[in-house]
Amino acid sequence: MENTIIYEHELVPYAPHDLPHGPYLVFAPHPDDETLGMGGTIALAVEKGIDVSVVFATNGEKGGDPDVRKKEAEAAVKVLGVKKLFYLNLPDREIFSTPFPEERVAQIMEEVTPSTVFLPSLQEIHPDHRAMTHKVLSFSKRKQYVYDLWLYEINRHGEINRLIDITHVVDKKEQAIVCFQSQLEQLDYKSNALCLDFTRGVTLGQGSDYAEGFWRHGFSPENESPEQAYSDHILKYHLNQGGRGAVSPGNENKKPVFRVFDSIVGIVARLKRAVSCRE
Ligand SMILES: [Zn+2]
């Protein structure tokens with residue numbers, strides 16, 4: 001059989017990428033997600049003179065005193081060099097069930113005019129992280145925004161197609177994380193974040209000890225939706241469900257979800273034939 005396996009470089013990058021174009025707009029569901037998830041990339045961008053703005057969606061009141069958390073976040077992003085902050089004041093853990101503040105977000109988009117928008121990965125565990133991404137994406141579709149979308153990892157690894165080598169700014173990221181004292185008393189978020197980054201460096205080889213992973217997608221009304229592109233990538237892992245080896249002749253150009261449907265139809269037809277043979 002030829003080409004039946006997906007090679008590792010088709011699943012994960014094996015070389016670091018350049019930073020995308022600024023200005024950047026980073027959506028953080030809670031004050032600390034921006035630093036834990038992509039503090040290194042923010043520090044690198046600021047070093048290169050790229051404007052970085054951060055939107056805090058909630059004040060994280062379920063995880064501590066919101067005033068303390070706000071102060072800690074402001075100290076952390078100051079270490080990273082972020083100058084512009086916005087607050088949406090949504091209730092913690094309720095981003096999904098709370099009406100999206102469209103007018104405010106539209107104002108922010110107008111003020112920042114981002115070339116690149118950063119949102120949490122679609123495979124994040126926390127419901128607010130995923131809700132943030134779904135809400136901003138569906139709002140962006142309605143408004144027909146065009147931007148470079150980069151999904152970042154906060155609490156776990158997800159699918160990625162970009163790696164930013166943060167080795168030379170990892171100390172700065174660590175220094176920023178230390179500002180979240182109230183959170184670090186609850187859990188060792190510093191080790192968690194740096195371990196995720198350390199593991200991300202594995203495909204970059206010697207000299208690149210730490211990296212932050214992202215899923216990049218050109219967001220525009222003409223392009224395939226980021227959710228579809230992301231799930232197509234996940235399906236690559238599954239032979240018989242979109243994996244190249246399982247694509248049957250004449251079925252190659254169909255989207256994986258339809259290929260799966262076709263294969264289910266095929267299985268049902270085979271079962272029916274099997275049953276009729278027994279009768
Ligand atoms: Zn969070």
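1. Let me start with Pro23, which sits in the segment before strand E1 (24-28). In this predicted model, a cis peptide bond joins Gly22 to Pro23, with omega at about 0°. Most peptide bonds are trans, so this one deserves a look on your screen.

2. Two residues other than glycine also caught my eye for their backbone angles. Asp32, in the loop between E1 and H1, has a phi near 145°, a positive value. Asn89, in strand E3 (residues 84-90), has a positive phi of about 55°. Most residues other than glycine have a negative phi.

3. Are Asp32 and Asn89 buried or exposed? Asp32 has 29 other C-beta atoms within 10 Å; 20 or more count as buried, so Asp32 is buried. Asn89 has 11 other C-beta atoms within 10 Å, and 12 or fewer count as exposed, so Asn89 is exposed.

4. On to the interior. The largest nonpolar core has 54 residues, and Val26, Phe27, Ile42 and Phe118 touch the most other members. Helix H1 (residues 33-47) gives the largest share of this core, with seven residues. Nonpolar side chains tend to be buried together in soluble globular proteins.

5. Val26 is a good residue to centre the view on. Beyond its neighbours within four places in sequence, Val26 is in contact with Glu34, Met38 and Ile42, and also with Val52, Val54, Val55 and Phe118.

6. Helix H1 is mostly covered, with 14 of its 15 residues buried. There is a point to weigh here: H1 bends by about 80° at Gly39, yet its end C-alpha atoms are 20 Å apart, which agrees with the 21 Å that 15 residues should span at 1.5 Å a residue. I would inspect both values together. Just after H1, Gly49 takes a positive phi of about 85°.

7. How do H1 and H2 meet? The axes of H1 and helix H2 (residues 66-80) come within 8 Å and cross at roughly 35°. On the H1 side, the contact is made by Glu34, Thr35, Gly39, Ile42, Ala43 and Val46, while H2 brings Ala76, Val77 and Leu80. By class, this contact of H1 with H2 has six nonpolar, two polar and one charged residues. Gly39, where H1 bends, is thus one of the residues in this contact.

8. Finally, Gln181 lies in helix H6 (residues 181-184). Its C-alpha atom and that of Glu72 are separated by 7.4 Å, although the two residues are 109 residues apart along the chain. Gln181 is exposed, with 11 other C-beta atoms within 10 Å.

Conventions
Residues numbered from 1 in each chain as written. Predicted model: local features only at pLDDT ≥ 70, side-chain atom pairs only at ≥ 80, totals over all residues. Core = buried A, V, L, I, M, F, W, Y, C linked by C-beta atoms within 7 Å. Helix = DSSP H or I, 4+ residues; strand = E, 2+ residues; numbered from the N terminus. Contact = placed C-beta atoms within 7 Å. Axes fitted to C-alpha atoms, helices over the stretch in contact; angles between N-to-C directions. Nonpolar A, V, L, I, M, F, W, Y, C, P; charged D, E, K, R; others polar. Expected span 1.5 Å × (residues − 1). Bend = angle between axes of the 7 residues up to and from the residue.
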